[in-house]
Amino acid sequence: GHPHPVWRMTSRVPALPRAVVVHVDLDAFYCQVEVGRDPSLQGQPIAVVQYNPFGDLRTILPSEPRIFNDSNGSLIAVSYEARAFGVKRNMRGDEARRQCPELQLVQVPTANGKADLTIYREAGAQVIDILARGGVCERASIDEAYLDVTEEALRRARRDHGRPVLPLNPEQCRVYGPDGVAGCEAWFSTPDWAWSDADELLAHGAAVVAELRHVVQTELGYSCSAGIAHNKLLAKLCSGLHKPQQQTILPESAVQRLLDPLMIAKLRSLGGKLGQQVAQVLGIETVGQLRAVPETRLRTLFGPETGPWLHRMARGQSSDRVQQRTLPKSLGCGKTFRAQNAIRTLQDVQYWLQQIARELAERIGSDRERNQRVPQTMGVGLSSHGDHVSRSCAMPGLSVESIASAGLALVRRWVAERAEWTVTDLYLSACNFRSIAACPSIATFFQSAAGEGGQGTQGLAPPDPRPDSP
DNA sequence: ATTTTGACGCT
DNA sequence: AGCGTCAA
């Protein structure tokens with residue numbers, strides 16, 4: 001665990017040095033993955049569609065031609081070239097083609113009668129492996145991660161007793177400065193005496209991020225955007241300020257100016273019902289207006305946890321730590337059966353559970369080899385008449401058959417409780433992982449424990465080779 | 001015909 | 001354990 005400095009327990013608590021927290025977001029990631037697999041798509045307006053023109057039944061391998069320009073499926077990723085034509089995520093193929101006749105539509109691979117996102121997951125894992133070289137790394141989704149690069153930033157601040165140096169690719173680096181957003185050159189030419197400790201740390205962190213993004217670009221060919229700030233809330237907010245292929249620094253002095261005009265729903269976790277409720281109950285729209293509401297009133301209206309939490313959010317404060325976790329906590333796969341295709345018989349449930357279990361078993365198997373872990377719990381989920389239901393059980397084994405039959409048993413349990421049912425979503429998942437890493441010798445254990453001075457001090461050197469396949 | 005994932009909080 | 005919310 002984390003060594004707790006004794007002074008944390010005393011009454012005199014020095015201010016912790018501000019952290020440098022980064023949110024990295026790949027640009028139109030699925031599109032970039034497809035361009036990497038078919039370089040002839042480079043520079044063209046493209047989109048990735050998730051609808052199989054053959055009714056999702058025929059397998060479409062990653063390696064076979066997957067451009068179906070007559071597809072009317074839903075767009076799940078749109079390249080920046082296509083966005084320039086007004087093509088948007090969630091558009092249908094026909095509407096997108098009206099906006100951009102040259103649009104190239106790439107179909108997601110399919111297997112077992114369903115979409116198979118494996119190529120994107122594996123590409124995302126490659127990116128995470130590079131980002132984790134820079135510090136504490138938390139996988140936030142298939143194409144996003146949080147980093148805590150405080151340690152490396154501190155090391156550089158000590159090393160260059162001098163001052164932050166202009167990052168790599170300064171034209172891809174912005175700063176939210178006193179006059180709004182600007183390029184980073186002026187900010188980095190701040191005179192030595194004028195840097196605050198906090199800004200200096202952000203500047204060194206920004207150099208780390210610029211280097212990491214450069215490595216991702218040269219080793220994998222993917223561009224990404226990033227936000228650099230003092231916590232996850234703000235880093236996430238400013239990673240999206242300038243896309244694609246740009247990183248944005250948010251100094252503390254600019255936090256209020258960024259937040260005040262912002263719509264409440266733009267803050268992470270306030271994009272849904274709670275955010276709506278907050279805006280409606282208070283009769284406000286912006287974060288600045290929220291900041292003006294007394295904490296006592298927020299506490300009265302939204303409770304002893306949520307009230308103070310909103311009060312802090314409105315000030316750009318968040319204590320949510322960056323977790324050290326590069327792997328997902330659960331593996332799941334499922335399929336939607338819309339109106340006409342809804343499942344009405346146990347026979348069909350059994351068939352589709354087998355299909356889905358094939359993919360899940362495959363993914364559990366490769367995860368076990370790569371990450372030396374196995375799930376201890378599985379679950380089945382389904383939707384019926386708009387209601388979502390889930391049941392779970394101990395992992396019965398890792399084979400397709402054991403997963404499928406355990407899933408069927410869980411569904412039978414649910415079916416037995418009702419006279420009529422219709423399944424419109426079917427989902428299998430595995431979670432609660434246990435490590436199966438070979439137990440290291442005592443000598444090896446002490447050796448590696450001694451090397452762990454702290455998190456995020458590895459610099460940008462490649463990590464030790466993975467304990468890969470045997 | 002907005003799918004297919006994932007994380008997390010509440011109870 | 002199961003449900004609901006939020007997000008990309």
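This report walks through a protein chain and the two DNA strands beside it.

## Overview

The model is predicted. Chain A holds 15 helices and 16 strands. It has 470 residues, and 46% of them count as buried. Many contacts in chain A reach across the sequence. Among those between residues at least 6 apart, 70% join residues at least 24 apart.

## DNA strand B

Around DNA strand B there are 23 residues, and the nearest are Gln-50, Arg-92, Lys-329, Gly-332 and Arg-338. Of the strand's atoms within 4 Å of the protein, sugar and phosphate account for 78%.

Which element gives the largest share of this surface? Strand 13 does, with seven residues. Strand 13 covers residues 330-336, and both this strand and helix 13 supply at least two residues. By class, the surface near DNA strand B has nine charged residues, eight polar and six nonpolar.

Phosphate oxygens of DNA strand B meet both backbone and side-chain atoms. A backbone N or O atom of Lys-329 lies 2.4 Å from one of these oxygens. For Gly-334, a backbone N or O atom lies 3.0 Å from a phosphate oxygen. Arg-363 uses its side chain: a polar atom there lies 3.0 Å from a phosphate oxygen.

Arg-363 deserves a second look. It lies in helix 13, which covers residues 346-371. Is Arg-363 buried or exposed? Its relative accessible area is 11%, under the 20% cut-off, so Arg-363 counts as buried. That value takes in protein chains only. Leaving out residues up to four places away in sequence, Arg-363 touches Arg-121, Leu-331, Gly-332 and Cys-333. One of these, Gly-332, is also among the residues that come nearest to DNA strand B.

## DNA strand C

DNA strand C has 17 residues around it, the closest being Gly-271, Lys-273, Leu-274, Ser-390 and Ser-392. Here the protein meets sugar and phosphate: they hold 100% of the strand's atoms within 4 Å of the protein.

Strand 15, residues 387-394, and helix 10 each supply at least two residues of this surface. The largest share, five residues, comes from strand 15. By class, the surface near DNA strand C has seven charged residues, six polar and four nonpolar.

Three polar contacts reach phosphate oxygens of DNA strand C. The table sets them beside those of DNA strand B.

| Residue | Protein atom | DNA strand | Distance to a phosphate oxygen |
|---|---|---|---|
| Lys-329 | backbone N or O | B | 2.4 Å |
| Gly-334 | backbone N or O | B | 3.0 Å |
| Arg-363 | polar side-chain atom | B | 3.0 Å |
| Lys-236 | side-chain N or O | C | 3.0 Å |
| Gly-271 | polar backbone atom | C | 2.9 Å |
| Gly-272 | backbone N or O | C | 3.5 Å |

## A bent helix

Helix 12 runs over residues 295-313. What would a straight helix of 19 residues span? At 1.5 Å a residue it would span 27 Å, yet the end C-alpha atoms of helix 12 are only 11 Å apart. A kink of about 130 degrees lies at Gly-303. The proline Pro-304 follows shortly after.

Gly-303 is also one of the buried residues of helix 12. The others are Leu-298, Phe-302, Gly-307, Pro-308, Leu-310, His-311 and Met-313. An α-helix has 3.6 residues a turn, so residues three or four places apart point the same way. The cover over the buried residues of helix 12 includes helix 8 (232-239), helix 9 (255-259), helix 10 (273-282) and helix 11 (287-291). Helix 10 thus appears twice, as it also supplies residues near DNA strand C.

## Backbone details in the loops

Three loops hold backbone features worth finding.

Pro-244 sits in the loop between helix 8 and strand 12. The peptide bond from Lys-243 to Pro-244 is cis, with omega near -5 degrees.

Ser-269 lies in the loop between helix 9 and helix 10. It is not a glycine, yet its phi is positive, at about 80 degrees. With a relative accessible area of 47%, Ser-269 is partly exposed.

His-385 is found in the loop between strand 14 (373-384) and strand 15. It too has a positive phi without being a glycine, here about 50 degrees. Its relative accessibility is 59%, so His-385 counts as exposed.

Methods
Residues are numbered from 1 along each chain as its sequence is written. Chains are lettered from A and ligands numbered from 1 in the order in which they are written. Side-chain values use heavy atoms; hydrogens and water are left out. Helices (H or I, at least four residues) and strands (E, at least two) are DSSP runs, numbered from the N terminus. The expected span of a helix is 1.5 Å times one less than its number of residues. The bend at a residue is the angle between axes fitted to the seven residues ending there and the seven starting there. Buried means under 20% relative accessible area, exposed over 50%, partly exposed in between (1.4 Å probe, protein chains only). Contact means heavy atoms within 4.5 Å. A residue is near a molecule or strand if one of its heavy atoms lies within 4 Å of it. A polar contact is a pair of N or O atoms within 3.5 Å; within protein, one must be able to donate a hydrogen and the other to accept it, and residues adjacent in sequence count only if both atoms are side-chain atoms. Ala, Val, Leu, Ile, Met, Phe, Trp, Tyr, Cys and Pro count as nonpolar, Asp, Glu, Lys and Arg as charged, and the others, Gly among them, as polar.
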